[in-house]
Each structure stands twice: as structure tokens, then as C-alpha cells.
Amino acid sequence: MSPNDPALKSFVPVAPDSDFPIQNLPYGVFSTAADARPRVGVAIGDFILDLSAIHSAGLLPAAGAANVFASPSVNDFMALGPAIWKAVRAEISDLLNAASATLRDNAALRASALVARKNATLHLPLKVAAFSDFFSSKQHATNAGKIIRGEASALAPNWLTMPIGYNSRASTVVASGTPVRRPLGQRKPRNAEHPSFGPCANLDCELEMGVVLGAGSQMGEMLTESQAESMIFGFTLLNDWSARDIQAWEYVPLGPFLAKAFATTISPWIVTAEALEPFRVEGPKQEPAPFPYLRQGPKRNYDVALELLLKTPAMDAPARISKTNFSFMYWSSLQQLMHHACTGCAMSVGDLLGSGTISGDNRDQLGSLLELSWGGSNPFELPNGEKRAFLQDGDSLAIRGYAQGDGYRIGFGEAEGTITPALTVPV
Ligand code: CA
């Protein structure tokens, strides 16, 4: 039986609106009070299956003799390659299957290997080798262009011929729940004569998906579509925190640098490409036709519903400020990867590629505050009457997302961060 079969049920109870049914089995890294060593697990209902404990019990033979799950990242497991990912996922699915007695009827092993998620601390799931970020939603690129450069030059001339991106920082990719300090930097307000150094005044989020590469490529080589496909281990939610005022002053002529290097938050769970396979959908028509090296077969996108939630210190509960979908992307994750390698740039196990901000056609489908407040000129109102153009200290911002199946959903948990005050400016 395929691990994606909608009919599969686990003996672990899973609510219909849970992010983590047996069809998902996303990988994360966790620790507990009883065992502080970060280790690899998969989410199932309200529990985590400790794969290190399961491997020690001899129940994941496809992963080999070495316990790659007794590790503070999924990288060692990913490095085993796509055939092993598939075989291990099938073994985990079988262990959690309601019809399978091995774990279900072993009370001692269940007690040691099934950890209540509320009792676990979730860590960054991978050691990020390198992080590149793209700019592949046509709606977002058009909106950002209009806001920054004006209506006439909304979309740059290269945008329709390639997935535009830049090399960002792996060192500041953090797990959901990590506070985000308001950055200091140089900025020059439009009417100011000189730049000044101080706290970012236009602190923003970018609702994105992240692609995690589980296999690398050789320097000097290009990737075929099937090679690229086999390198994608899975997906996360990703918030590319952005300091708009710092960005506006620094980005000419080499693009964003420090404005996006101070923090990037990802969800604690990496949902495998295999689990998302049933949710592939057509993307927008690409005109002009992409160069041959960027060509991809049908259904290049994924139908993943995404939402952005904001909670200010004055609010009791978060309010949804945007609802968008990964399927809106013009350039797909696979095309981004094929483009990334086209000059011979080597890709590595643990590379993270950001999709770029995901915006839709409508006012309630925008993936950044830059767009929601139209460059800060039109602050939006929250349910409690507060207004926001950009993020204030104490604001908490979360991304959530899932693919909806028939009676179950493939979810990601959330990518959350709360803004803390800037450091004192040195004099
Ligand atoms: Ca971005």
C-alpha cells in the first residue's frame, strides 16, 4: 500500500484537521526534558515518533546500520539519497499503520518512542548548507515593482525569462519560535538629505515556502529535470524577514544584502516531496516559453493553502491578515533549482531555496506587509481596531499551511517569530 493512500489509518489518534496524519510523516528534530539530545523524529497526530529509538530497536532496516537519526539534523539521513528516503518512509508508515502489530502492540517501545509533542522542544530540522532566495510570484514582483519603482517599470525585463534570486545567509536561518531582533542598519528616508544608522522602521515579513535539497550536484554540471526532481527532499514554510528601509538604501546595484540577512524563520517540519506528490497542480501559463534548460512537464506547482497571522501585544488571539496559495507561483521550485545550477553552481545536501513571497491576485492574498499596506502608505486595520503598516516590537507573525486531502491534510505546523526591540545605537 502506498504511504500516500488516503485510506491509511494510524493506531495513533489523528484529528481530521491535524497537520500530521499518517499520509504526511514530516521530519523534524526534537529534544525532551528527559533526553536533551536533539534527534530526528516524524510528527504523527499530537505525537512525535522518535526515529532514533525506533532505529535502535532494529525497526528501520532500510536506513542501514548506522543510526542517522541520533543526530541534531536530518542531513545525515538526507545524504543517504532518494531511494532510501522512499524505503524508510514506507517502513515508518507500516510501523504506524493501525493494521500493523509491531509497534501498536509493543507497550514498552511505544512508551519510549512516541513522545507527546507538547512535551518536546522543536529545533531547526536541518543544518542549512546555503540559503538562496527567489522572487518568483508574478503578483508579488509586480506589486513590489510598482511600490518601489512606479507603475511604468513594475516588472523588470529579465523577470519573465528566468527565476530571479540572490544568495542569502544560512547562518541566520532559525527555528519557529525564535525571537527576531529588530535590526539596526543604514537607511535614508526619501526626504532626508543624508543616510543615518539606526533601528529599522519598516520591518516586514515575506510569506514563502522553502525547498530543502537532500542531494547535491557537481560543480560545472547542469541539471536535467529528473536529476533536479530527485534532489528535492521536501518543503518547509519560510518567513524571509525583511528590513524595507535598509533594503531601499542598500540594494543598488547588487541587490539585497543585510536587509534580509538578520533572520529567516522556517517551520519545524520538513514535509517530504513524496507526501506532497498527490497535490501537484498546473502553474500559470509561462509566456514567453522558458529556455529548454528551464522546461518542466505538467503540474509543476503544488496546491498548498497558506495563511499569514499577526498578533500584537494588545490582541488575545492572532488575526489572519492574508490567505494565499503556493500554486500561484510563476516559476516552480524545480525551475528555480535547474536555474540555480545552470552556470555550473554546485548544490549541496542541506541547501535551502526560498520560493520568494507568495502573493495572489486579490487584496487578501498578499504575502508581505509592503503589499498589504502598499509601501506603508495605506495601513491596514486589525480586528481590535489597531492599525499596522509594518511590524512593531512585540508583534508575533506566523505562517501556517497545508495541502487538503479527502478527509485529511498534509500540514507544516507553523513558522512563527516575535519582534524584540533593537539594540542601542552605538554613539
Ligand atoms: Ca524573499
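Start with the open sheet: five strands in the order 9-26-25-20-21, with mixed pairing. Keep in mind as you click around that this is a predicted model. Colour strand 9 (180-181) and strand 21 (319-325), and you have the two edges, each pairing on one side only.

Now zoom in on one of those edges. Strand 20 (residues 305-311) runs antiparallel to strand 21, and six bridges join the two. For a landmark, show Leu310 as sticks and look across to strand 21, where Ala319 stands opposite. If you want to draw the ladder between neighbours, remember that strands of a sheet pair through backbone hydrogen bonds, either parallel or antiparallel.

Next stop, the metal. Select the calcium ion and show its protein donors: Asp133 (OD), Glu206 (OE), Glu208 (OE) and Asp240 (OD), at 2.2 to 2.3 Å from the ion. Along the chain these donors are spaced D-x72-E-x1-E-x31-D. Asp133 and Glu206 link distant parts of the chain, being 73 residues apart: Asp133 is in strand 6 (residues 131-134), while Glu206 is in the loop between strand 12 (203-204) and strand 13 (207-213). Both Asp133 and Glu206 are buried.

Stay on Asp240 for a moment. You'll find Asp240 in strand 14. Is Asp240 buried or exposed? Asp240 has 0% relative accessibility, so it counts as buried. Turn on its contacts and, leaving out residues up to four places away in sequence, you should see Asp133, Tyr166, Cys205, Glu206, Glu208, Lys260 and Thr264. Thr264 deserves a distance label: its C-alpha atom is 4.9 Å from that of Asp240, although the two residues are 24 apart along the chain.

Lys260 leads to the next selection. Pick Ser168, which touches Lys260 as well as Phe131 and Ser132, again not counting residues up to four places away. Ser168 sits in the loop between strand 7 (165-167) and strand 8 (173-175). Its relative accessible area is 16%, and because the cut-off for buried is under 20%, Ser168 counts as buried.

Now select helix 10 (residues 333-340). Eight of its eight residues are buried, so the helix is largely enclosed by the rest of the structure. Label them if you like: Ser333, Leu334, Gln335, Gln336, Leu337, Met338, His339 and His340. To see what covers them, bring up neighbours including strand 6, strand 7, strand 13, helix 7 (225-231), strand 14 (232-240) and strand 22 (352-354).

Time for some rings. The model holds 12 aromatic pairs. One of them is Tyr330 with Trp331, an edge-to-face pair with 5.3 Å between the centres and 80 degrees between the planes. Tyr330 is buried at 2% relative accessibility, and Trp331 is buried at 1%. Then select Tyr27, Phe69, Phe77, Trp85 and Phe233, which ring pairs link into a cluster. For a charge over a ring, go to Arg409: its charged end sits over Tyr402, 3.5 Å from the ring centre.

Finally, zoom out and colour by domain. Domain 1 covers 27-123 and domain 2 covers 131-420. Where the two meet, the contact takes 18 residues from domain 1 and 17 residues from domain 2. Their centres, taken over C-alpha atoms, are 30 Å apart.

Terms used: Residues numbered from 1 in each chain as written. Predicted model: local features only at pLDDT ≥ 70, side-chain atom pairs only at ≥ 80, totals over all residues. Heavy atoms only, no water. Donors = N, O, S within 2.8 Å, 3.2 Å for Na, K, Ca; no water. Helix = DSSP H or I, 4+ residues; strand = E, 2+ residues; numbered from the N terminus. Buried < 20%, exposed > 50% of the residue type's maximum accessible area, 1.4 Å probe, protein only. Contact = heavy atoms within 4.5 Å. Phe/Tyr/Trp six-rings, centres within 6.5 Å; stacked < 30°, edge-to-face > 60°. Lys NZ or Arg CZ within 6 Å of the ring centre and 35° of its normal. Pairing = 2+ DSSP bridges. Domains from an automatic or database assignment.
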